[in-house]
Every structure is written in structure tokens, then in C-alpha cells.
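Please load the model in your viewer and keep the sequence panel visible. The tour below proceeds by selection, with a short account of what each selection contains.

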Amino acid sequence: MPTLGVNIDHIATIRQARRGVEPDPVTAAAIAELAGADGITVHLREDRRHIQERDVRLLRQTVRTHLNLEMAATPEMVAIALDVKPDYITLVPERREEITTEGGLNVKAQGDRLGKFVHQLQGAGIPVSLFVDPETAQIQASAKTGAKFIELHTGTYANAKAGESRDRQLQALTDGGALAIKLGLKLNAGHGLDYRNTRPVALIKGMEELNIGHSIISRAVLVGLDRAVREMKALIN
Ligand SMILES: CC(=O)[C@@H](O)[C@H](O)COP(=O)(O)O
Ligand SMILES: NCC(=O)COP(=O)(O)O
């Protein structure tokens with residue numbers, strides 16, 4: 001069965017709403033690890049909307065499992081990554097105006113450019129994963145870059161209506177996973193996975209790690225609310 005990488009970006013999103021110090025994603029990472037997370041994932045976006053450089057540097061010192069740094073393929077981000085040295089890097093596409101990641105990298109069109117980043121990072125001892133849609137051409141192009149992993153973008157599957165449409169997306173993930181493994185790539189998946197749609201993806205043959213954030217943090221807020229209100233009430237009375 002795959003391991004679970006917990007994405008803690010969404011803790012930082014709440015912190016950044018007030019530009020304050022809480023909730024601290026570094027503390028969240030430790031709690032996630034104590035609960036059994038196999039890895040911690042953070043996406044240092046170019047616009048720094050949630051995770052900050054300070055978080056990544058502290059997490060590098062505190063994470064006891066493994067640290068997956070998601071980032072855009074740019075010279076600025078590569079310089080940070082080479083300095084911090086996460087356990088692996090996932091290169092993702094970024095558009096400033098997007099609410100969340102909307103799809104995979106176009107490795108087919110940008111293979112040479114991405115291959116240079118892969119070479120530089122892996123040459124420094126940091127394995128690289130490419131975040132791609134489950135499409136044959138993208139997976140074949142990913143293998144050609146020399147990247148060790150791909151992460152299949154599960155967002156389209158997660159957003160599909162349950163039934164035929166979702167089944168088609170699951171089949172695309174299954175076929176994409178089989179191709180990746182045939183080409184010698186290690187296989188991760190993530191984006192939009194939740195308590196209802198994750199199990200079928202976890203069962204895909206050869207799946208190594210699922211990176212899941214938004215649904216876990218959303219549930220944490222709701223299951224933790226009862227206790228938080230009771231604690232405040234006890235303090236007031
Ligand atoms: C690539 C990916 O799927 C994650 O980075 C996810 O997008 C994190 O959440 P945000 O899109 O809110 O940064
Ligand atoms: N790469 C996917 C990820 O890290 C988590 O995505 P989400 O569960 O927050 O949508």
C-alpha cells in the first residue's frame with residue numbers, strides 16, 4: 001500500500017490570513033508525523049501565499065520522516081532547493097492567478113527545459129518528481145527527462161461526477177500508473193483526494209505515495225472545533 005504524505009500548506013493559508021504566527025505549519029508537521037504521516041509535503045509558491053521560506057528551512061530541521069518540496073521550475077526556486085536540500089522535490093506548474101493547481105506540467109512541450117532542472121537537482125542528490133496529468137505523452141516525456149518519479153495529478157478524477165465519468169478518470173490514472181512503472185518511474189499521486197475518493201487511487205498497482213492536504217486539514221478544523229469551543233468556554237466561565 002502507498003505511504004501518506006501530508007500536505008500542510010493549508011495550515012499556512014490560515015496563518016497568512018492574519019499574517020501572524022499561528023497556526024504554525026512546523027507544529028502541524030510534528031503532529032501529523034506523530035499521527036502516522038509517512039512524509040510532509042509543502043508547496044513554496046512563488047507568490048508565497050501560504051508556505052514561507054522560514055517554514056521550509058525549519059521543517060528541514062524538524063521533519064523526522066521525509067520532506068517533499070513542491071515548487072515551480074524556476075532558477076529562484078532551484079537555488080532555495082539546493083540550499084535547503086529536501087528529501088525530494090516535486091516540480092509543479094504555477095499560475096499566479098489560480099486558486100489552486102489546475103493541472104499537470106506540460107513536459108511534452110517543455111521537456112528540454114525541465115530536463116535541465118531535473119539534471120541539476122538530481123545531480124545535487126535530490127530526487128525529482130514531475131507533477132503530470134495521466135496522459136501517455138506526458139508520462140513518456142517525463143521518463144525522458146531522467147526524473148525518478150512522477151506524481152499523477154488526481155484533480156480531474158476528484159472533480160469528476162461519481163459514476164461513469166469518475167470511472168473513466170480512474171482508468172486513466174490506472175493506465176498512466178502502469179505506463180510509468182513500465183518506463184521505470186516511481187509513482188506518486190495527489191490533488192483533491194479526500195475521504196471518499198482516495199481508496200481506489202491507493203489501490204492502483206505500484207502506487208508509492210499519496211500526497212493529501214486540503215481534505216485532511218478541512219476535517220481537522222471541523223473535528224477539532226468542538227474541543228476548541230469547549231476549551232474557550234471553560235476559560236471564560
Ligand atoms: C501541486 C499540488 O497539488 C499542491 O501543491 C496543492 O496545489 C497545494 O495547494 P495550493 O494549490 O492551495 O497551493
Ligand atoms: N500534490 C498534491 C498535494 O500535495 C495535496 O493536494 P491537496 O490534497 O491539498 O489538493
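Begin with ligand 2 and its surroundings; by class, the shell around this ligand has 2 nonpolar, 9 polar and 1 charged residues. Please bear in mind that the model is predicted.

**Stop 1: the shell around ligand 2**

Select Asn7, Thr41, Glu151, Gly190, His191, Gly192, Leu193, Asn211, Ile212, Gly213, His214 and Ser215, which are the residues around ligand 2. Then colour strand 8 (207-212) and helix 10 (214-236), each of which supplies at least two residues of this shell.

**Stop 2: the annotated positions**

Next, select His43, Glu70 and His191, the residues covered by the annotation "active site" in an unreviewed UniProt entry. These three span 149 residues in sequence, yet no two of their C-alpha atoms are more than 12.2 Å apart, so they gather at one spot.

Centre the view on His43, a residue of strand 2 (residues 39-43). Is His43 buried or exposed? It has 25 C-beta neighbours inside 10 Å and therefore counts as buried, since the threshold for burial is 20 or more. Add Asp9, Ile51, Glu70 and Val92 to the selection: His43 is in contact with these residues when neighbours within four places in sequence are left aside. One of these contacts, Glu70, also carries the "active site" annotation from the UniProt record.

Move on to His191, which belongs both to the shell around ligand 2 and to the annotated set in the UniProt record. His191 is located in the loop between strand 7 (186-190) and helix 9 (198-202). Although it sits in a loop, His191 is buried, because 25 other C-beta atoms lie within 10 Å. Which residues does His191 touch, not counting those up to four places away in sequence? Display Thr101, His153, Thr154, Gly155 and Ala158 to see them.

**Stop 3: backbone features in loops**

Now show the backbone of the loop between helix 1 (9-18) and helix 2 (25-34), where Pro23 is found. The peptide bond from Glu22 to Pro23 is cis, with omega near 0°. Arg19 is placed in the loop between helix 1 and helix 2 as well. Its phi is near 50°, a positive value in a residue other than glycine. Arg19 counts as exposed because it has 6 C-beta neighbours inside 10 Å.

Finish at Arg48, in the loop between strand 2 and helix 3 (53-62). Arg48 is not a glycine, but its phi is positive, at about 50°. With 12 C-beta neighbours inside 10 Å, Arg48 counts as exposed; the limit for that class is 12 or fewer.

Definitions and conventions
Residues are numbered from 1 along each chain as its sequence is written. Chains are lettered from A and ligands numbered from 1 in the order in which they are written. This is a predicted model: local features need pLDDT of at least 70, side-chain atom pairs count only at pLDDT 80 or more; totals for chains, interfaces and linings use all residues. A residue is near a molecule or strand if its C-beta atom, placed from the backbone, lies within 6 Å of it. Helices (H or I, at least four residues) and strands (E, at least two) are DSSP runs, numbered from the N terminus. Ala, Val, Leu, Ile, Met, Phe, Trp, Tyr, Cys and Pro count as nonpolar, Asp, Glu, Lys and Arg as charged, and the others, Gly among them, as polar. UniProt positions are given in the numbering used here, feature names are shortened, and annotations may be inferred rather than shown by experiment. Two residues are in contact if their C-beta atoms, placed from the backbone, lie within 7 Å.
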